[in-house]
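Me: I have a model open and want to learn how to read its features one at a time. Can you take me through it?

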Amino acid sequence: MILSGTGVSPGTVIGKAVVVGASVVSVREHELAATQVDDEIARFRSALSRAHAELEELRERARQEGNQDLVDILEMQVMVIEDGMLLESVSDRIRNERRNAGFILKSYVDEFCERLAQAGNAFFAERTSDIQDLATRILRKLIGGESTDLSHLPEPCVLIAHDLSPSDTAGMDRANVLAFVTGMGSRTSHTAIMARALGIPAVVGVGEALANVSDGIALVVDGTQGRVVVSPDEATLALYRDRIREETAWRAKLEANALLPAETRDGFHVSVAANIELPEEVERLAPAHRVGIGLFRTEFLFVKGGSISDEEKQYAAYRRVAEAIRPYSVIFRTLDIGGDKFLSHLDVPVEINPFLGMRAIRFCLRREDIFRSQLRAILRASAHGKVRVLFPMITTMEELQSTLAILEDVKAELERQGIPHNPDLDVGIMIEVPAAAMIADKLAQHVDFFSIGTNDLVQYMMAVDRSNPDISYLYQPGHPSVIRLLDRVVRAANEYGRWVGICGEMAAEPLFLPLVLGLGIHELSMSPVAIPVIKDLVRDINMLEAEELVSQAMDCGSAEEVTKLCRAFVGRIAPHLLPE
Amino acid sequence: MQNQLGLHARPVTLIVRLAKTFASHISIERAGTVSDAKSVMAILLLAAEMGTELTITAEGHDAEEAIAALEQLFANKFDEK
């Protein structure tokens with residue numbers, strides 16, 4: 001069977017499925033010695049309390065997402081554990097029947113559900129699935145498998161999930177994840193970004209068909225074409241093994257050339273930098289991927305920490321990054337929460353329209369305590385390497401001025417306390433709101449650089465929620481409006497001698513690379529794995545032709561026309577990089 | 001039982017939460033099945049849907065308040081339509 005979705009991170013792998021949050025757990029029955037009974041009950045008790053803690057966390061997340069139905073169900077499951085009825089009945093039966101907790105729990109819950117099914121109508125069948133779901137969660141704790149803890153995967157596998165959130169992937173055992181396949185998602189959802197950062201294939205938006213994949217089943221994941229082959233036959237496997245060999249050879253060639261500078265055929269140089277989320281990623285960068293860090297997303301430190309990271313913890317992390325990346329520089333982007341990134345422990349109110357709401361700098365200006373401690377940590381780290389700071393979601397001049405005033409105040413405070421820092425560190429702002437892009441010439445006078453976040457800029461420009469599959473076709477980075485806006489921003493920056501980077505998905509998209517170069521962007525920041533591919537392509541491009549492409553694109557009326565021009569351009573120099 | 005959806009997740013949790021605020025032993029009965037009002041699983045077993053007749057009994061020093069409070073909760077249809 002072949003499932004199709006959107007291929008969001010290229011490459012092909014063959015591997016076994018691990019279904020995150022699978023609904024079936026098999027339990028074997030075994031007899032206990034009299035001496036084992038107390039331990040078994042203690043084990044059950046501990047499984048209950050871990051399941052309880054997990055459910056409370058999920059309930060809080062659901063509450064923040066405003067999913068009331070889910071809150072109700074999770075609340076009920078929490079209360080079932082708190083009842084004591086489950087603990088007492090199962091403990092009694094473990095003692096009397098001398099069987100393992102998993103087996104007793106499963107038979108107890110099965111009997112319960114059967115009674116419920118007999119007593120009630122179809123509606124109550126749904127309640128039995130809530131109770132079965134709870135039992136599965138507890139069973140996973142008992143048999144060691146955890147439903148959301150991905151930190152210990154026994155062997156390399158393909159992760160299958162409805163969707164993956166930043167907190168799911170934060171502690172994930174990355175070394176054993178071969179690929180992601182999710183039911184939800186699009187090119188710019190968290191799963192996609194994460195997959196590209198890790199350099200593993202991913203297919204998202206598979207939809208309901210995902211139910212056909214069960215734990216342990218063999219899969220071929222083709223992240224280039226967006227295909228997942230379930231239980232492939234020998235002939236299919238042979239075909240894909242060949243494909244994997246070709247891909248490996250091609251990658252090896254790219255890696256070998258990766259240290260060459262990114263210079264166009266006619267000698268124009270562009271900086272290539274890496275987008276990074278976690279300090280340990282910096283230390284693990286392959287030599288071919290070691291360049292400056294154009295975007296260090298600090299919010300993942302907060303998610304992983306599980307609590308608001310204090311200044312010392314942040315300082316240690318930032319310093320580690322600054323030291324590890326020397327002699328290159330690192331740009332730390334201050335906390336960008338809200339939108340699709342929530343921190344469950346922060347008191348962020350639920351919003352109907354989170355992407356237009358209290359996010360990023362808006363949140364930081366409201367919560368100055370959090371903002372100041374982050375700025376202190378970044379400034380302190382600036383004494384240990386080449387550090388720049390970047391403010392997300394700046395929309396108005398007033399926001400920029402307030403932000404800069406706080407930064408100056410924090411510097412003065414450090415100065416008074418005699419704490420080492422670089423008072424002249426470069427300051428940049430994200431250009432991701434069209435309002436800021438339109439007054440880029442005014443904003444440029446107060447900062448050292450711009451970083452264009454194309455994911456959000458395109459989303460705001462086109463008024464499209466990129467994670468909604470029904471309208472995601474409107475997410476068009478190649479739309480002439482976007483090209484015109486980017487052109488405007490680059491011109492404004494040039495007028496004041498500021499440099500402009502792109503840190504969105506567009507920077508790593510081969511199709512749009514000629515456009516981006518032709519616009520005169522100075523720095524491209526992307527997932528480390530994309531660097532060799534993009535550098536290689538830069539070397540095949542002629543800048544004069546790229547500039548000509550931009551003037552044609554600015555004159556187009558639709559994204560389709562622009563895309564056609566870009567396809568023709570890239571097709572001439574690197575046809576293998578174009579998706580079919 | 002007057003709310004349309006019967007005893008689904010939310011009403012059950014509301015009943016249990018309310019019952020637990022009283023010291024009395026409270027039970028809810030439906031046609032011979034008697035359930036502890038402080039246990040979610042027990043109440044689910046009543047499989048009460050709209051129109052089901054339920055009897056609440058309570059024993060203890062705050063029994064009357066407990067019954068009054070629970071009656072009120074049922075009468076308000078658990079704040080649903």
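**Salt bridges, strands and contacts**

Reply: Start with a whole-structure count. A search over all chains finds 33 salt bridges. Keep in mind that this is a predicted model.

Me: Which side chain meets B:Arg17 in a salt bridge?

Reply: Look for the charged pair and read the distance from N to O. Here the partner of B:Arg17 is A:Glu75, at 2.6 Å. The pair crosses between chains: B:Arg17 sits in helix α1 (residues 9–19) of chain B, and A:Glu75 sits in helix α2 (residues 68–83) of chain A.

Me: Is A:Glu75 buried or exposed?

Reply: Use relative accessibility. Under 20% is buried, over 50% is exposed, and in between is partly exposed. A:Glu75 has 11%, so it counts as buried. B:Arg17 has 42%, so it counts as partly exposed.

Me: Now a pair within one helix. Where do A:Asp110 and A:Lys106 lie?

Reply: Check the element, then the spacing in sequence. Both residues lie in helix α4 (residues 101–119) of chain A. They are four residues apart, about one turn of the helix. Their side chains meet in a salt bridge, 3.6 Å from N to O. A:Asp110 is partly exposed at 30% relative accessibility. A:Lys106 is partly exposed, with a relative accessible area of 30%.

Me: What separates A:Glu368 and A:Arg372 in helix α13?

Reply: Apply the spacing check again. About one helical turn separates them, because they are four residues apart in helix α13 (residues 368–381) of chain A. Their side chains form a salt bridge at 3.1 Å, N to O. A:Glu368 has 32% relative accessibility and counts as partly exposed. A:Arg372 has 21% and also counts as partly exposed.

Me: Which residues do salt bridges with shared partners join into one network?

Reply: Follow each shared partner to the next residue. The network holds A:Glu56, A:Arg59, A:Glu60, A:Arg63, A:Glu75 and B:Arg17. Two of these names are familiar: A:Glu75 and B:Arg17 are the pair that meets at 2.6 Å.

Me: On to strands. How many strands make up the closed barrel?

Reply: Trace the pairing from strand to strand until it closes. The barrel has eight strands, in the order β9-β10-β11-β12-β13-β14-β15-β16 of chain A. The pairing is parallel. From one strand to the next, the twist averages 25°.

Me: How many bridges pair strand β11 with strand β12?

Reply: Zoom in on a single pair of strands. Strand β11 (residues 329–333) and strand β12 (residues 386–391), both of chain A, pair over five bridges in the parallel sense. For a landmark, take A:Arg333, whose bridge partner in β12(A) is A:Leu390.

Me: Next, the interface. How many residues of chain A are in contact with chain B?

Reply: Count both sides, then read the area. On chain A there are 21 residues, in contact with 19 residues of chain B. The two chains bury about 1900 Å² between them, with 74% of it on carbon and sulfur atoms. Polar terms come next. The rule finds one salt bridge across the interface. Three residue pairs are in polar contact, both residues at pLDDT 80 or more.

Me: Which elements give two or more residues to the side of chain A that touches chain B?

Reply: They are α2, α3 (85–97), α4 and α5 (122–142) of chain A. The most comes from α2(A), with eight residues.

Me: Let me finish with single residues. What does A:Tyr315 touch?

Reply: Place the residue, then list its contacts. A:Tyr315 lies in helix α11 (residues 311–325) of chain A. It is buried, with a relative accessible area of 14%. Not counting residues up to four places away in sequence, A:Tyr315 touches A:Ala377, A:Arg380, A:Ala381 and A:His384. With A:His384 there is a polar contact between side chains, at 2.9 Å. For distance along the chain, compare A:Leu375: it is 60 residues from A:Tyr315, while their C-alpha atoms are separated by 9.5 Å.

Me: And where is the place of A:Asp487?

Reply: Use the routine again. A:Asp487 is in helix α18 (residues 480–495) of chain A. At 13% relative accessibility, A:Asp487 counts as buried. Leaving aside residues up to four places away in sequence, A:Asp487 touches A:Leu519 and A:Met554.

Terms used
Residues are numbered from 1 along each chain as its sequence is written. Chains are lettered from A and ligands numbered from 1 in the order in which they are written. This is a predicted model: local features need pLDDT of at least 70, side-chain atom pairs count only at pLDDT 80 or more; totals for chains, interfaces and linings use all residues. Side-chain values use heavy atoms; hydrogens and water are left out. A salt bridge is a side-chain nitrogen of Lys or Arg within 4 Å of a carboxyl oxygen of Asp or Glu. Buried means under 20% relative accessible area, exposed over 50%, partly exposed in between (1.4 Å probe, protein chains only). Two strands pair if DSSP finds at least two bridges between them. Axes are lines fitted to C-alpha atoms, for helices over the stretch in contact, and angles run from 0 to 180 degrees between N-to-C directions. Contact means heavy atoms within 4.5 Å. Buried area is the accessible area (1.4 Å probe) that two parts lose on being put together, summed over both. A polar contact is a pair of N or O atoms within 3.5 Å; within protein, one must be able to donate a hydrogen and the other to accept it, and residues adjacent in sequence count only if both atoms are side-chain atoms.
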